[in-house]
Amino acid sequence: MTMSAGWYLRRLSRMGPREVGGRAVDAVRRRRWRASPPGCPRVTGARFTAVLPAGTTAAVPPDAAKRLLAEADRLMAGHAEYFGVVRDDLVDPDWWCDPKTGRRAPSGYAFDVPYRNEDAVGDIKQIWEPSRHQYLTVLAAAYALTGDERYAERVAEHLRSWWAANPPLHGVHWISGIELGIRLLSWVWIRRLLDGWPGAAGLFEDNPVALNQIWHHQRWLAAFPSRGSSANNHVIAEAAGQFAASCAFGWFPSSARWRAGALRSLERHLRGNTFLSGLNRELATEYHGLVLELGLAAVAEADAAGVPVPATVRTVLLRMTDALAAVVDSRLRPPRQGDADDGHGLVVDGAGTDRWASLLATGDAVFGRLAWWPAMTGTDVRTSFLAALVKPGAPAVTRPANRPAHFADAGLTILRGPGETGEIWCRCDGGPHGFLSIAAHAHADALSVEVRHDGVDVLADPGTYCYHGQLEWRQYFRSTLGHNTLQLNGVDQSVSGGPFLWTRHARSRVLAVDTSGGSTARWCAEHDGYGPAVHRRRVELTAASQELRVVDEVRGPHRAEVRLAFHLGPAITADLTGNRAVLTWTRDGEDRSAVLDLPAQLSWRAHRGEAGPSPHSSSRGYPMLGWYSAGFGRKEPTTTLLGTGAGDGAAFADGTALSGEFTTVLRFRG
């Protein structure tokens, strides 16, 4: 995928004057660095002191340690999986090769590499991900737990290989600030976890090549921060990595200045990226997790180095942690909202470790759990490591006395009730269309619902699947038709200008919420994405009858073609007859079922694993339907129930508008 001139014009139109000026300065600096790149100053007497306290590794739960060591041994054998692609070449990796397409990124000055062009570079995510070096933090953690030098030696071998293949400002790994920031954080933890290995100092502080790389990473981040409409999770990763490195590797003349600047940026953008309720403003749950991980890691570095952190930093992280505890279901799964690319801030755990349980365990260790928090299951390594560095204690702020269900600023509401065989959990979306002027990680999902029973996706958010290279799949997974909501006249509620760009944002508003604990929980919202028509949706959950009722209303001056989609989770089997679908699935060896009564005035069909015409080839043509992405780069067939018809009900009294109302009822069986 290459970007057209039209895309650049649309992207420019979403920038303010200050951002345009900053990007112009960046362009000048890139040209100057091509001719005369900056040079690393000479460093003498560097020492690493930000070590883990004695006894930290002994506090790691045995089952978490077992998972970590199993993962480390797989890595030692060269095996790993990135975004659905199984690799067996990590004994001696080619840092520029994409194993999915077989392409190898071109060499040359970093800013000349056309990284968005898959034909020229390959899948950039496949190339970038191993070079975050988070698999090396796993190997380093295995050394810290066992003292087995095989792990340390493999880490050293790969770091030296990477440094040799990727000199500063050369090649694909010097393009994106988020990659540099996360890589720096990984290097800090690698050095920390290798402390005690005789070769640690020779690999890092006594190694001119390592010093040159660390300096250039920090100099790059200081020069090219994400700006304006791009100041989302990327800028937090950049600031966190810069801050961590300038604390732990504070060996350079500019370290104090970099540290202060990174801390200012981190504090500012943590506040800017987070609603007061604690939810991330991108309204993309995995980025909530990424930002929380990065923030906790940055605070750990500050406390390890004795660097004071503004109280607002801990306050934001506390609110994010409480918000996460509030929105998860009975199995500790948060909403599947917005984009997700499996990004992590710090990885020191093995496969099978639950990310969200791990974050809540760390929050408990650092801030303390509240009485309404869900019970936490499972164990992890990271909590022991971070808790050993972070000074415990919650900021002096008021925390929720009861479990929040409605986050007014984010427009997110959780309806939940105790079913006979497990919790009924429903997320209702009435919030903003993403964050900043481009809403890069938003989906056109206004008023969508997501329903689970005992943690099983029943009405599912299909996920993300891909970013680059597969434009039609990118369009589908973030489209209105790709979510459990209503589409009018074959178009999305919001207008896309490119894979990470929305040029018109649907505006939603929540009209009524009742989550007070009565017999029926209620939510009602509307959006203007189909102006002058308005789509309004009401949702009611009655726990006693295990019934969820969804009422869609269309009001507007003209007849409208309606499509109403319900995407089932991959575990659900559907038997559709007319407008009734019988849903069945298995949970923990027990058969479960529900009945979905669909609006009778629409014509219903079941679609599964279909890849039809482009959504833009015809406003009336069907795109791909019936897909679920459990993680980035992975997709599997599932069932989508699609109803089509017209919103042309009875006329209003003045004859100026037409109205259509569509009622869906989901009843769970005992």
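Asp 303 counts as buried, because its relative accessibility is 10% and the cut-off for burial is under 20%. The model analysed here is predicted. Asp 303 lies in helix H13. Beyond its neighbours within four places in sequence, Asp 303 contacts Arg 314, Leu 389, Val 390 and Lys 391.

Helix H13 also features in the nonpolar core. The largest such core holds 141 residues. Within this core, Val 172, Trp 187, Leu 194 and Phe 249 touch the most other members. H13 gives the most to this core, contributing 11 residues. A second core, separate from this one, has 40 residues. Among its members are Cys 428, Val 456, Ile 572 and Leu 666. In soluble globular proteins, nonpolar side chains tend to be buried together.

Two of the core residues were examined further. Phe 249 sits in the loop between helix H11 (233-248) and helix H12 (255-272). Phe 249 is buried, because its relative accessible area is 0%, against a cut-off of under 20%. With residues up to four places away in sequence left out, Phe 249 touches Phe 48, Trp 187, Val 188, Arg 191, Phe 204, Ile 214, Gln 218, Ala 244 and Ser 255. Trp 187 was treated in the same way. Its contacts, again not counting residues up to four places away in sequence, are His 133, Leu 159, Trp 162, Trp 163, Phe 204, Gln 213, Ile 214, His 217 and Phe 249. Phe 204 and Ile 214 are thus among the contacts of Trp 187 and also among those of Phe 249. A long-range separation was also computed for Phe 249. Phe 249 and Gln 493 are 244 residues apart in sequence. Their C-alpha atoms are 48 Å apart in space.

Internal cavities were then considered. Rolling a probe the size of a water molecule over the atoms shows where empty space is left. The count comes to five cavities of 30 Å³ or more. The largest cavity has a volume of about 120 Å³. Its lining consists of Leu 279, Asn 280, Leu 283, Ala 284, Thr 285, His 288, Leu 324, Val 327, Pro 335, Gln 337 and Leu 412. Two elements, helix H13 (285-305) and helix H14 (311-327), give two or more residues each to this lining. By residue class, the lining of the largest cavity has seven nonpolar and four polar residues. No charged residue belongs to the lining.

Helix H13 therefore recurs, because by the run numbering used this helix holds Asp 303, gives the most residues to the largest nonpolar core and helps to line the largest cavity.

Note on methods:
Residues numbered from 1 in each chain as written. Predicted model: local features only at pLDDT ≥ 70, side-chain atom pairs only at ≥ 80, totals over all residues. Heavy atoms only, no water. 1 Å grid on protein atoms, 1.4 Å probe; cavity = no way out; pocket = protein on both sides within 12 Å on 5 of 7 lines; lining within 4 Å. Points joined across faces, edges and corners; volume = space filled by probe spheres on them. Helix = DSSP H or I, 4+ residues; strand = E, 2+ residues; numbered from the N terminus. Nonpolar A, V, L, I, M, F, W, Y, C, P; charged D, E, K, R; others polar. Core = buried A, V, L, I, M, F, W, Y, C linked by side-chain atoms within 4.5 Å. Buried < 20%, exposed > 50% of the residue type's maximum accessible area, 1.4 Å probe, protein only. Contact = heavy atoms within 4.5 Å.
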